[in-house]
Amino acid sequence: MKPSNTEITIFHNPSCGTSRNVLALIREAGVEPRVVDYQKTPYTRDQLAGLLLAMDLRPRDVLRTKGDLYTQLDLARPDWTDEQLLDTLVRHPVLVERPIVVTPLGTRLCRPKERLFEVLPAARPV
């Protein structure tokens with residue numbers, strides 16, 4: 001039996017090549033994941049905090065440094081607290097590195113895309 005679509009969730013940005021590649025790898029494994037376009041359905045603070053906890057990461061670890069917004073908000077400053085960064089990531093989800101994938105085997109920021117294989121359950125024949 002193949003894993004159901006509720007067993008794997010990808011927090012996805014369709015404009016991101018890495019995110020598209022990871023989604024394709026999941027589908028190639030025979031799984032149709034739950035796809036959350038986090039720009040249309042933004043993270044809640046509790047949700048993002050839970051994902052960070054599950055990955056054993058801090059907000060700065062998932063902070064996307066490319067793009068103008070990072071510079072405009074002066075996010076390189078080391079005096080930003082985790083709480084401040086978390087609030088900023090929730091307000092501006094485009095600043096969250098992508099994709100984040102949740103499976104029964106764990107939660108990973110799949111950048112590079114090969115990190116997916118750490119948590120992708122092997123597809124089983126029907």
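This report describes a predicted model, beginning with its confidence and then turning to its sheet, helices, charged side chains and backbone.

## Basis and confidence

Residues are numbered from 1 along each chain as its sequence is written, and side-chain values use heavy atoms, with hydrogens and water left out. Because the model is predicted, local features need pLDDT of at least 70 and side-chain atom pairs count only at pLDDT 80 or more, while totals for chains, interfaces and linings use all residues.

The chain averages a pLDDT of 92 (the predictor's confidence in each residue, from 0 to 100), and 92% of the residues score at least 70. Over residues 1-5 the pLDDT is below 50, and this stretch has 10 contacts in the model beyond near neighbours in sequence (contact means heavy atoms within 4.5 Å). Where pLDDT is low, the predicted coordinates should not be read in detail.

## The sheet

Four strands form an open sheet with mixed pairing, in the order β2-β1-β3-β4. Helices (H or I, at least four residues) and strands (E, at least two) are DSSP runs, numbered from the N terminus, and two strands pair if DSSP finds at least two bridges between them. The edges are held by β2 (34-37) and β4 (106-109), each with a single partner strand, so one side of each is left without a neighbour in the sheet. From one strand to the next, the twist averages 15°.

Strand β1 (residues 9-12) and β2 run parallel and are joined by four bridges, with Ile-10 standing opposite Val-35 in β2. By contrast, β3 and β4 pair in the antiparallel sense, again over four bridges, and they form a hairpin with two residues between them. In this pairing, Val-102 has Thr-107 in β4 as its bridge partner.

## Helices against the sheet

Helix α1 (residues 17-28) lies across β1, β2 and β3 (100-103), running at about 160° to β1. Helix α2 (residues 45-55) packs on the sheet as well, touching β1, β3 and β4, and its direction makes about 100° with that of β4. For these angles, axes are lines fitted to C-alpha atoms, for helices over the stretch in contact, and the values run from 0 to 180 degrees between N-to-C directions.

## Charged side chains

The structure holds 10 salt bridges (a side-chain nitrogen of Lys or Arg within 4 Å of a carboxyl oxygen of Asp or Glu). Side chains of opposite charge can pair when their charged atoms come close. One of the salt bridges joins Glu-32 and Arg-27, whose closest N and O atoms are 2.9 Å apart. Glu-32 counts as partly exposed at 40% relative accessibility, where buried means under 20% relative accessible area, exposed over 50% and partly exposed in between (1.4 Å probe, protein chains only). Another salt bridge is formed by the side chains of Glu-118 and Arg-115 (3.2 Å, N to O); Glu-118 is partly exposed at 42%, as is Arg-115 at 29%.

Salt bridges that share partners join Arg-45, Glu-83 and Asp-87 into one network. Within this network, the side chains of Arg-45 and Asp-87 meet at 2.5 Å, N to O, and the pair links distant parts of the chain, with Arg-45 in helix α2 and Asp-87 in helix α4 (residues 82-91), 42 residues apart. Arg-45 is partly exposed at 31% relative accessibility, and Asp-87 is also partly exposed, with a relative accessible area of 30%.

Asp-37, which lies in strand β2, is buried yet has no salt bridge, and the nearest side chain of opposite charge, Lys-40, is 4.3 Å away (Lys and Arg count as positive and Asp and Glu as negative; His and the chain ends are not counted). Not counting residues up to four places away in sequence, Asp-37 touches His-12 and Pro-14.

## Backbone details

The peptide bond from Arg-98 to Pro-99 is cis, with omega near -5°, and Pro-99 lies in the loop between α4 and β3. A cis peptide bond also joins Arg-111 and Pro-112, with omega about 5°, and Pro-112 is in the segment after β4.

Asp-56, although not a glycine, has a positive phi of about 55°; this residue is found in the loop between α2 and α3 (68-72) and is exposed, with a relative accessible area of 71%. Asp-74 likewise has a positive phi, near 55°, but Asp-74 sits in the loop between α3 and α4 and counts as partly exposed at 36% relative accessibility.
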